[in-house]
Amino acid sequence: MCAPTCRHRESASGFRVTQDELKAAVAREAVKHAVEDAVIGVGTGSTVNFFIDALASMKDRIRGAVSSSERTAERLRGHGIAVLDLSDIDEIPVYVDGADEVDGGFAMIKGGGGALTREKIVAAVSRKFVCIVDASKQVQILGRFALPVEVIPMARRHVAKELARLGGSPKLREGFVTDNGNLILDVSGLSIIDPVALEERINNIVGVVTNGLFARRGADVVIVASAAGIRTLTRP
Ligand code: 5RP
């Protein structure tokens, strides 16, 4: 038996599984949602990296992918998957992405990897959002994970003050610049009782590009991997 802090989990069959194995399992499951001969939206992060690797097995049966970050685009191209420009596409049937936290209403905190703005754009154009997580990301109330907020550099001080007025403690993500040339403030201490209202409130602060609450457009499907197996939850 491991110490409680170790990254292994005991599976139903008694084998220990690592968090990476859970991410790989949930990624393989998500490939089943890819639509043949269509474009797929692809998020960003370590779980999505496993998804891209799994998607490569059906690369000849999809039209290509719309990417939410430069990192994801590079990995897609590395597998020979065409990366398409969102401006050339009317609608994406399915978007697959990870999350830092997801609640029971399918609202999420995202942006741990700093790709939140492009992720939100691709999600907005997609008919179905498939969120892939291991069970450690499931929460009752969002907010234990510091909320990422993408900010225009010259507005950094103003936005930080406004976020503090909302009860948060913003901290600049040191040495990080987004794909859009902006900064990230990671905000801890927020009380996220009403994720939709807070998402709108923060987006209304001048200088905010977007924030990592994905509540107005939450997930439609959440696939969760745990040591007990894979569970697919669908929004009622
Ligand atoms: C990147 C994201 C990611 O989906 C989120 O941070 C989860 O990443 P990981 O799968 O590495 O835990 O929002 O901006």
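Helix 1 and helix 2 make a right-handed crossing in this predicted model. To find the pair, look at residues 19-31 for helix 1 and residues 46-55 for helix 2; their axes come within 8 Å and cross at roughly 50 degrees. Angles that are neither under 35 degrees, over 145, nor from 65 to 115 count as oblique, and the two helices are therefore oblique to each other.

So who does the touching? On the helix 1 side, the contact is made by D20, K23, A24, V26, A27, R28, A30 and V31. Helix 2 answers with S46, T47, F50, F51, A54 and L55. Sort the residues of this contact by type and you get 9 nonpolar, 2 polar and 3 charged.

Now for the empty spaces. The largest pocket has a volume of about 240 Å³. Its lining is made up of 13 residues, and V66, S67, L84, L86 and R118 are the ones nearest its centre. Strand 4 (64-67), helix 3 (70-78) and helix 4 (116-125) each put at least two residues into that lining. By type, the lining of the largest pocket splits into 7 nonpolar, 2 polar and 4 charged residues.

Next comes the second largest pocket, with a volume of about 160 Å³. Here 16 residues form the lining, and T44, G45, A99, D100 and G113 sit closest to the centre. The lining of this second largest pocket divides into 2 nonpolar, 9 polar and 5 charged residues.

Methods: Residues are numbered from 1 along each chain as its sequence is written. This is a predicted model: local features need pLDDT of at least 70, side-chain atom pairs count only at pLDDT 80 or more; totals for chains, interfaces and linings use all residues. Side-chain values use heavy atoms; hydrogens and water are left out. On a 1 Å grid over the protein atoms alone, a cavity is a set of points where a 1.4 Å probe fits but cannot get out, and a pocket is an open set with protein on both sides within 12 Å along at least five of seven lines; lining residues have an atom within 4 Å of a point. Grid points are joined across faces, edges and corners, and a volume is the space filled by probe spheres set on the points. Helices (H or I, at least four residues) and strands (E, at least two) are DSSP runs, numbered from the N terminus. Ala, Val, Leu, Ile, Met, Phe, Trp, Tyr, Cys and Pro count as nonpolar, Asp, Glu, Lys and Arg as charged, and the others, Gly among them, as polar. Axes are lines fitted to C-alpha atoms, for helices over the stretch in contact, and angles run from 0 to 180 degrees between N-to-C directions. A crossing is left-handed if the near helix is turned anticlockwise from the far one by less than a right angle, and right-handed if clockwise. Contact means heavy atoms within 4.5 Å.
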